[in-house]
Amino acid sequence: MSYVAITGVGSCLPKRQVTNDDLVARGVDTSDDWIRDRSGIGARHIVSEGESTLTLAVGAGRMALANAGVAPEDIGVVIVATSTQEYAGFPSTACLVQHELGIGSVPAFDMAAACTGFNYALTTAHHFITGGPAKHALVIAADALSSIINWADRGTCVLFGDGAGAVVLSASDSPGILSEQLYSDGSLGDILKVDQGEPRETFEGTHDALAPYVFMEGRKVFKVAVESIVKSVTHCLLDAGITADDLTHVVFHQANQRIMSVVGDKLNIAPEKLAMTIEKYGNTSAASIPITLDDLNKQGALKAGDLVLMVGFGGGFTWATTLVKWTKS
């Protein structure tokens, strides 16, 4: 059986940047200090005319293919992790990406696991390569959560941003993906969900009657996230036979700086190993891990042999941990 490694990474962000001060100027009852203190967020990118989940996904996928040096026709499966599909229902965003990138008639489908979607998609693509004919897989996480945010709710509207990140997975002669832990608990579904039942204020200030919007019980999500992440990471490290000291980078889902710091302390992870992009991009849902990976790669911080731990958590309630050895030089 061949191993599977990440051979390419890319990301794509909307052109429009919205700072905390921009939100205050828009009329949100908050302040830059309040947002930074509670989340670590300073700005986020939000789609504007001509941009959508699909355009972001295509942009990130194209960059990952170029970074990997893999031609579109060599991709054997396309998986898009998203909570804001281009169409409600079908066709899948993945099928549209497959067409836009000129990939052949290979399996293409969306993955619904909210902010944990990237980890779920990675594991699924991993098995397509080890258990099937695919030699390369394109995994994209893309979300435009600004389209389902109630911009009158300061508890959520200050947190989320839009963006996409992607990786190419390839069959490898040396180990890449070392451990994968996926979990869910549907009894906690109500603490973080896309709800419908009240008018929602859009970013432009209009009101959509009974439009879907993100609902979150922040304190409960914080508590559940910390507890579940600590257990998942501990299991993952034991499974791989390593300790936190062996890790080079830890890439958490960028939901809240406090969550990342608290978990880091509980697991004795050195603060300098925590990769954070939340200040620049906010919570980009499933896309936050691959966006952060691409950020590290562009900085030249990822070296062959590095042990990179990727930790997702989000609605469902879902959580997951993926450990990889970076093989790309």
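**Backbone exceptions in loop segments**

In the predicted model, Asn268 lies in the loop that runs between helix H8 (257–266) and helix H9 (278–281). Although Asn268 is not a glycine, its phi is positive, at about 60 degrees. The relative accessible area of Asn268 is 63%, and the residue is therefore classed as exposed, the cut-off for this class being over 50%.

A positive phi of about 60 degrees was likewise computed for Ser285, again a residue that is not a glycine. Ser285 is placed in the loop between H9 and helix H10 (288–298). With a relative accessible area of 2%, Ser285 is buried, since this class comprises values under 20%. Helix H9 thus borders both loops concerned, that of Asn268 and that of Ser285; Asn268 is exposed, whereas Ser285 is buried.

Cis peptide bonds were also identified in the model. One of them joins Phe90 and Pro91, with an omega of about 5 degrees. Pro91 belongs to the loop connecting strand S4 (77–81) with helix H4 (93–100). Another cis peptide bond links Gly316 to Phe317, and here omega is about -5 degrees. Phe317 is located in the loop between strand S14 (307–314) and strand S15 (318–325). The loop that holds Pro91 is thus flanked by a strand and a helix, while the loop that holds Phe317 is flanked by two strands.

Technical notes. Residues are numbered from 1 along each chain as its sequence is written. This is a predicted model: local features need pLDDT of at least 70, side-chain atom pairs count only at pLDDT 80 or more; totals for chains, interfaces and linings use all residues. Side-chain values use heavy atoms; hydrogens and water are left out. Helices (H or I, at least four residues) and strands (E, at least two) are DSSP runs, numbered from the N terminus. Buried means under 20% relative accessible area, exposed over 50%, partly exposed in between (1.4 Å probe, protein chains only).
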